[in-house]
Amino acid sequence: MNVLMARATVKATAVTDIEEAGRRVFEALEREQAQGFRYMTCRLPDGVTYLNVWELEDGVDNPLSNMPEARAFQEGLKTWVAEPPTYEQLTVVGSYRFFSKG
């Protein structure tokens with residue numbers, strides 16, 4: 001299992017754009033029913049910082065790399081971010097239904 005986290009602070013003027021682009025990515029994931037991949041995005045209380053966490057099961061390629069919606073999102077980030085995003089590899093110590101919609 002490979003778990004990654006990205007944190008990005010966007011310009012206040014880009015919040016609507018980034019959230020709409022993010023919705024398109026989630027709609028594409030639902031449509032494609034990507035297996036072995038879990039992904040979530042949260043907006044932090046400051047209203048402009050986003051936290052993305054994704055999990056790839058062993059041997060599974062990241063489906064985002066082949067989705068036009070995800071490529072468009074990445075392209076948009078170039079103008080939306082207020083500072084460069086940070087990426088970190090995470091080690092899962094424990095999880096209880098974390099990635100489930102419930």
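Select T79 first: at 53% relative accessibility it counts as exposed, because exposed means over 50%. T79 belongs to helix α2, which covers residues 68-80. The model on screen is a predicted one. With T79 still selected, add V10 and draw a line between the two C-alpha atoms. T79 and V10 are 69 residues apart in sequence, and their C-alpha atoms are 8.8 Å apart in space.

**The whole chain**

Now clear the selection and colour the protein by secondary structure. There are 2 helices and 4 strands. Following the sequence, the order of elements is β-α-β-β-α-β. The radius of gyration is 14 Å, close to the 13 Å that the globule rule gives for 102 residues, so the protein is as compact as a globular protein of that length. Along the principal axes, the C-alpha atoms fill a box of roughly 35 × 30 × 25 Å.

Switch on the surface. The protein exposes about 6,900 Å², and carbon and sulfur atoms supply 52% of that area. Of the 102 residues, 35% are buried. Next, colour by charge. There are 11 positive and 15 negative charges, and the mean positions of the two groups are 3 Å apart.

How much of the contact between residues at least 6 apart in sequence joins residues at least 24 apart? The share is 73%. The next stops give individual pairs and contacts.

**Helix α1: I18**

Hide the surface and select residues 15-32, which form helix α1; I18 is one of the residues in it. Is I18 buried or exposed? At 7% relative accessibility, I18 counts as buried, because buried means under 20%. Show the side chains around I18. Leaving aside residues up to four places away in sequence, I18 touches V10, Y50, F73, L77 and W80. Pick F73 from that group: I18 and F73 are 55 residues apart in sequence, while their C-alpha atoms are 7.5 Å apart.

**Strand β3: Y50**

Y50, one of the residues that I18 touches, is the next selection. Y50 sits in strand β3, residues 49-56. With a relative accessibility of 7%, Y50 counts as buried. Which residues does Y50 touch, not counting those up to four places away in sequence? They are A6, R7, A8, V10, V15, I18, E19, T41, C42 and R43. V10 appears here and also among the contacts of I18.

For a separation across the model, select Y50 together with T91. These two residues are 41 apart in sequence and 20 Å apart in space, C-alpha to C-alpha.

**The loop after α1: Q33**

Move to Q33, in the loop between α1 and β2, the strand that covers 37-43. What is the phi of Q33 near? The angle is near 50°, a positive value in a residue other than glycine. At 47% relative accessibility, Q33 counts as partly exposed, because that value lies between the 20% and 50% limits.

**The aromatic rings**

For the last stop, select F26, F37, Y39 and W54 and show their side chains. Ring pairs link these four residues into a cluster. The count for the protein comes to 4 aromatic pairs. F26 falls within the range 15-32 of helix α1, and W54 within the range 49-56 of strand β3. F37 and Y39 fall within the range 37-43 of strand β2.

How values were computed
Residues numbered from 1 in each chain as written. Predicted model: local features only at pLDDT ≥ 70, side-chain atom pairs only at ≥ 80, totals over all residues. Heavy atoms only, no water. Rg over C-alpha atoms; globule rule 2.2 N^0.38 Å. Buried < 20%, exposed > 50% of the residue type's maximum accessible area, 1.4 Å probe, protein only. Contact = heavy atoms within 4.5 Å. Areas by Shrake-Rupley, 256 points an atom, 1.4 Å probe, with all protein chains shown as cover. Lys, Arg positive; Asp, Glu negative; His and termini not counted. Charge placed at Lys NZ, Arg CZ, Asp CG, Glu CD. Phe/Tyr/Trp six-rings, centres within 6.5 Å; stacked < 30°, edge-to-face > 60°.
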